[in-house]
Structure formats: structure tokens, C-alpha cells
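User: Walk me through how to read a model like this one, feature by feature.

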Amino acid sequence: MEERSDRFTALEDRYAGYEVYDPAGEKIGKVDDLFVDEGDQPEYIGVKMGFLGTRSTLIPWEAVSSTDDEGRTITVATDKATTKNGPTFDDDREITPEFENEVYSYYGLQRSSST
């Protein structure tokens, strides 16, 4: 179990603080959180948005079109306005299967597999 948390921490830290952009190059926000599945693969990114970064929007990893480790940026396939109005979460909200379905539905994506 210890090994998993170390890998998870390394993954989470890898994208921490990356700036997120839409296809037109507009900045959406910064990566605030990374959620991984049972196989330690990225599943969602939580992006801090808003004037003071007061809320996070959950974006499925499948919506990520590219990552640039050198520039510390992630580009997603949806525009800023769509993302801005996407499902939000905070530390008090549990990510339930229903919430995951809502997120995928909002972005027009199909869940590849439900566990």
C-alpha cells in the first residue's frame, strides 16, 4: 500500500500548478488536483478557476488534448466558457459514480468502463 501512495504522490505532484488552456490558447486556470483510477492512471484534473481561484472545475482526463512538461501546461479540448460552466467540486464533495456520470455527460464523453 505504501508504494501506491508514493506513486500517487509523484503523479499528483507532476501536474501540480500546471496552467490549463483551451484550444484557442485562452488560460482556463491552474491544476489544483489530480484524481487517478485504480491503475494509477490520471482520471480527472481539478482546475482552480475564478477571480481568486475560489472554485474547482472537474475535467475528465479524456478531454486533455496535450501536456507540455517543459512549459508546464495542459491543453484541453473544450473552450474556456464550456469549462467555466462545468461541474464544480470542493473538498466537501465526494466524487460519486453519479457525479462522474454528470461530468462525462457535460463534456459529451462516454465512460470507457465503469467499475
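Analyst: Let's start with exposure: a residue is buried under 20% relative accessible area, exposed over 50%, and partly exposed in between, using a 1.4 Å probe and protein chains only. Before we apply that, note that this is a predicted model, where local features need pLDDT of at least 70, side-chain atom pairs count only at pLDDT 80 or more, and totals for chains, interfaces and linings use all residues. Residues are numbered from 1 along each chain as its sequence is written, and side-chain values use heavy atoms, with hydrogens and water left out.

User: OK, is Arg111 buried, exposed or partly exposed?

Analyst: Arg111 has a relative accessible area of 22%, so it counts as partly exposed. Compare Glu100, which comes out buried because its relative accessibility is 12%.

User: What is in contact with Arg111?

Analyst: Contact means heavy atoms within 4.5 Å. Leaving aside neighbours within four places in sequence, Arg111 is in contact with Glu43, Tyr44, Glu100, Asn101 and Tyr104. Turn it around and Glu100, with that same kind of neighbour left out, is in contact with Glu43, Tyr44, Ile95 and Arg111. Another distance to look up is Arg111 to Glu62: 49 residues apart in sequence, 9.2 Å apart in space, C-alpha to C-alpha.

User: Where is Glu100 found in the fold?

Analyst: Helices (H or I, at least four residues) and strands (E, at least two) are DSSP runs, numbered from the N terminus. On that scheme Glu100 is in helix H3, residues 97-106, and Arg111 is in the segment after H3.

User: And how many helices and strands does the chain have?

Analyst: Three helices and seven strands. Reading from the N terminus, the order is α-β-β-β-β-β-β-α-β-α. For the contact pattern, take pairs at least 6 apart in sequence: 49% of those contacts join residues at least 24 apart.

User: What does the accessible surface of the chain come to?

Analyst: Areas come from the Shrake-Rupley method with a 1.4 Å probe; for residues, only the protein chains shown count as cover. Here the total is about 6900 Å², and 46% of that belongs to carbon and sulfur atoms. As for the inside, buried residues make up 34% of the 115 residues.

User: How many residues are in the largest nonpolar core?

Analyst: A nonpolar core is a set of buried Ala, Val, Leu, Ile, Met, Phe, Trp, Tyr and Cys residues joined through side-chain atoms within 4.5 Å. The largest one has 22 residues, and those with the most contacts inside it are Val20, Ile45, Val47, Ile59, Ile74 and Val76. At least two residues of this core come from each of E2, E3, strand E4 (55-60), E6 and H3. Zoom in on Ile59: not counting residues up to four places away in sequence, it touches Glu43, Tyr44, Ile45, Val47, Val76, Thr83 and Tyr107.

User: Now for charges: how many salt bridges does a search of the whole structure find?

Analyst: Side chains of opposite charge can pair when their charged atoms come close. The cut-off is a side-chain nitrogen of Lys or Arg within 4 Å of a carboxyl oxygen of Asp or Glu. The search finds three.

One of them joins Asp69 and Arg14 at 2.7 Å, N to O. That pair links distant parts of the chain, with Asp69 in the loop between E5 and E6, Arg14 in helix H1 (residues 2-15), and their positions 55 residues apart. Asp69 is partly exposed at 39%, and Arg14 is too, at 37%.

Next, Lys27 pairs with Glu19, with 3.2 Å between the closest N and O atoms. Then there is Lys48 with Asp32, at 3.9 Å, N to O. Lys48 lies in strand E3 and Asp32 in strand E2, so this pair ties together parts 16 residues apart in sequence.

User: Last one: which residue has a phi near 60 degrees?

Analyst: Most residues other than glycine have a negative phi. Asp40 has a positive one, near 60 degrees, and lies in the loop between strand E2 (27-36) and strand E3 (42-49). Arg72 also has a positive phi, near 55 degrees, in the loop between strand E5 (64-68) and strand E6 (73-76). On exposure, Asp40 is buried at 8%, while Arg72 is partly exposed at 38%.
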